[in-house]
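Work through the following exercises with the sequence and the model side by side. Each task is followed by a solution in steps.

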Amino acid sequence: MTFRPIGICWAITNKCNYKCPFCFAFTSKVNANYKIQLKIISALKKQKIKYVSITGGEPFLEKNLLKIVKELKKEDIFVSIDTNGSLLKKNNQILNYIDQISMPLDGSTNNICYKVRNRKNLLSIFDNAIRLIKTKQILIRANTLVCKDNIYDLKNIYNHINKYENKNIIWNLIQYYPINKAVSKYILNPKRYMSILKMFKSEQRINNIFLYHTKKFQESYIVLDPVGNIYIKSNNKHNIIGNILKDDLKRLLTKTKFFNKALHVMRYAKHL
Ligand code: SF4
């Protein structure tokens, strides 16, 4: 039986204005024009994809982003933007169209955030973004990369999110997995990580706390690069399995050994 995919991560650009030391974002060094982007949207429609997470690089560096989001929404696809948040103010029109935004929150102070990503004012950027989004019905994913620099700050981050009293904020605790390069300071002992997860699992004050283990979850993602090449992450590698403009995605996913179908369904169950 062929497998019907539900969600896609579309790495729309390889450009980013940050240089996070651990960056495990992926895009190949190719760029697409609007014509190709429209063809990709048609292919997603044909495959009856229900959820598109637009990522990068930094998606706001793609000049066609707003037009693309509008096209996806015409197809009634759930659209999420995965951004570092720094260019949101300039591009805030997008908040009228998207369903979800995903942003980093690695510490309860600018100082701790700096230690994690080597970048100033990251907490202020997150806080300003939350203020901008406040009146919109948009889900917000606050992503914390749990590492040696913020492990003792998690309770404070939790309290910081709580201060917003915004039921639409989902806190994602993410375990580093060296998909592109290993940076030892981010690698936590798995037992330690699991004990942290337990610490927060029973907490109900935040709407949702999703506990990711990036190694486990990487095989549930289908990643498109800017020109439609399809990648599945597995065993610390990005494996190219075809191109959405030329190949039948369902057939490719049924054949490939890299893709974890059960996890994919679990991950996107809400969007079935
Ligand atoms: S903001 Fe995201 S894409 Fe850009 S360098 Fe950092 S982790 Fe990579």
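**Exercise 1.** Find the bridge partner of T144 in β6 and place the pair in the sheet.

Solution. The model is predicted.
Step 1: T144 is matched with L173 of β6.
Step 2: β5 covers residues 139–146 and β6 covers residues 169–175; the two strands run parallel and share seven bridges.
Step 3: The whole sheet is open and has 10 strands, ordered β7-β6-β5-β4-β3-β2-β1-β8-β9-β10, with mixed pairing.
Step 4: At its edges lie β7 (208–213) and β10 (237–243), each of which pairs on one side only.
Step 5: Helix α4 (residues 122–133) packs on this sheet, where α4 touches β4 (100–104) and β5. The directions of α4 and β4 make an angle of about 165°.

**Exercise 2.** Determine which residues touch the most other members of the largest nonpolar core, and which element gives this core its largest share.

Solution.
Step 1: The core holds 59 residues, and those touching the most other members are I8, W10, V52, I77, V79, F126 and L224.
Step 2: Helix α4 supplies the largest share of the core, with seven residues.
Step 3: Take I8 as the example: leaving out residues up to four places away in sequence, I8 touches L44, I49, V52, I222 and L224.

**Exercise 3.** List the residues around the ligand and sort them by character.

Solution.
Step 1: Around the ligand are C16, Y18, K19, C20, C23, A25, G56, G57, E58 and N84.
Step 2: To sort this shell, count Tyr, Cys and Ala as nonpolar, Lys and Glu as charged, and Gly as polar.
Step 3: The shell then divides into five nonpolar, three polar and two charged residues.

Definitions and conventions. Residues are numbered from 1 along each chain as its sequence is written. This is a predicted model: local features need pLDDT of at least 70, side-chain atom pairs count only at pLDDT 80 or more; totals for chains, interfaces and linings use all residues. A residue is near a molecule or strand if its C-beta atom, placed from the backbone, lies within 6 Å of it. Two strands pair if DSSP finds at least two bridges between them. Helices (H or I, at least four residues) and strands (E, at least two) are DSSP runs, numbered from the N terminus. Two residues are in contact if their C-beta atoms, placed from the backbone, lie within 7 Å. Axes are lines fitted to C-alpha atoms, for helices over the stretch in contact, and angles run from 0 to 180 degrees between N-to-C directions. A nonpolar core is a set of buried Ala, Val, Leu, Ile, Met, Phe, Trp, Tyr and Cys residues joined through C-beta atoms within 7 Å. A residue is buried if 20 or more other C-beta atoms lie within 10 Å of its own, exposed if 12 or fewer, and partly exposed in between; C-beta atoms are placed from the backbone.
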